[in-house]
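Me: I should like to understand the terms used to describe a protein model. Please explain how each term follows from the values.

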Amino acid sequence: MARCSGPGGSGDHPDDPIAIVYQGLIHLFYKDGDGRTLLVKYDGKQAWTEPRVFIEQAYPFMPGVTVHAGLLKLAFTRSIANADGRALYQYAYDGNTLSPATVSSNLAATERVGLGVLRWRAVCAVPEGLTRWRCSHAR
């Protein structure tokens, strides 16, 4: 695994909304009072869609999000139902359908993760303390 520097002590709150542009629309993810992830979309001109529950499962942190291979990818660490777990829960969305969670277990994934794309590969960055990140590359 490659090491890369991260924004130690960034001050981001684990429940801050996450926004990304996908298929020409702004997708805004946020949490409701039950910890579920909701989605609203905006076309940049007229109006927001009505909020809808996007992921029913409650997670303690907002997801890392990126667009990779034509899909919107989301990754969460440990579910609230399995708060002691060290797993990464990955979802893919094609604009209409959300995949079931793909779970990678026995990882050091206990905090909010970052996702990105580097050289056409998805990259997941998991915090290691306050000043380092562990990065892994998917094919």
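Reply: Let us begin with the surface of this predicted model. Val21, Ile26 and Trp48 make a nonpolar surface patch of about 290 Å².

Me: Why is Val21 called exposed?

Reply: The relative accessibility of Val21 is 56%. The term exposed requires a value over 50%, so Val21 counts as exposed. This residue lies in strand S2.

Me: Why is Lys31 called buried?

Reply: Lys31 has a relative accessibility of 14%. Buried means under 20%, and therefore Lys31 counts as buried. Its place is in strand S3, which covers residues 25–31.

Me: Which residues is Lys31 in contact with, leaving aside its neighbours within four places in sequence?

Reply: They are Asp15, Arg36, Leu38, Tyr59, Pro60, Phe61 and Met62. A contact requires heavy atoms within 4.5 Å.

Me: What makes a group of residues a nonpolar core?

Reply: Its members are buried residues of certain kinds, Phe, Leu and Tyr among them, joined through side-chain atoms within 4.5 Å. The largest nonpolar core here has 17 residues, of which Phe29, Phe54, Leu72, Leu74, Phe76 and Tyr91 touch the most other members. At least two residues of this core come from each of strand S2 (18–22), strand S5 (52–55), strand S7 (71–77) and strand S8 (88–93).

Me: How many helices and strands does the protein chain have?

Reply: The protein chain has twelve strands and zero helices. Along the sequence, the pattern is accordingly β-β-β-β-β-β-β-β-β-β-β-β.

Me: What share of the protein chain counts as buried, and what supplies the area that the chain exposes?

Reply: Of its 139 residues, 38% count as buried. The chain exposes about 8,100 Å², and carbon and sulfur atoms supply 52% of this area.

Me: Which elements have the lowest and the highest mean pLDDT?

Reply: Strand S1 (residues 2–5) has the lowest mean, 28, whereas S5 has the highest, 96. The pLDDT is below 50 over residues 1–11, a stretch with 22 contacts in the model beyond near neighbours in sequence. Over residues 128–139 the pLDDT also stays under 50, and the model has 47 contacts for them beyond four places in sequence. For the protein chain, the average pLDDT is 75, and 63% of the residues score at least 70.

Me: How should coordinates be read where pLDDT is low?

Reply: Predicted coordinates should not be read in detail where pLDDT is low.

Conventions. Residues numbered from 1 in each chain as written. Predicted model: local features only at pLDDT ≥ 70, side-chain atom pairs only at ≥ 80, totals over all residues. Heavy atoms only, no water. Helix = DSSP H or I, 4+ residues; strand = E, 2+ residues; numbered from the N terminus. Buried < 20%, exposed > 50% of the residue type's maximum accessible area, 1.4 Å probe, protein only. Areas by Shrake-Rupley, 256 points an atom, 1.4 Å probe, with all protein chains shown as cover. Patch = residues over 30% accessible without salt bridge, like charges linked within 9 Å, V, L, I, M, F, W, Y side chains within 5 Å. Salt bridge = Lys/Arg side-chain N within 4 Å of Asp/Glu carboxyl O. pLDDT = per-residue confidence, 0-100.
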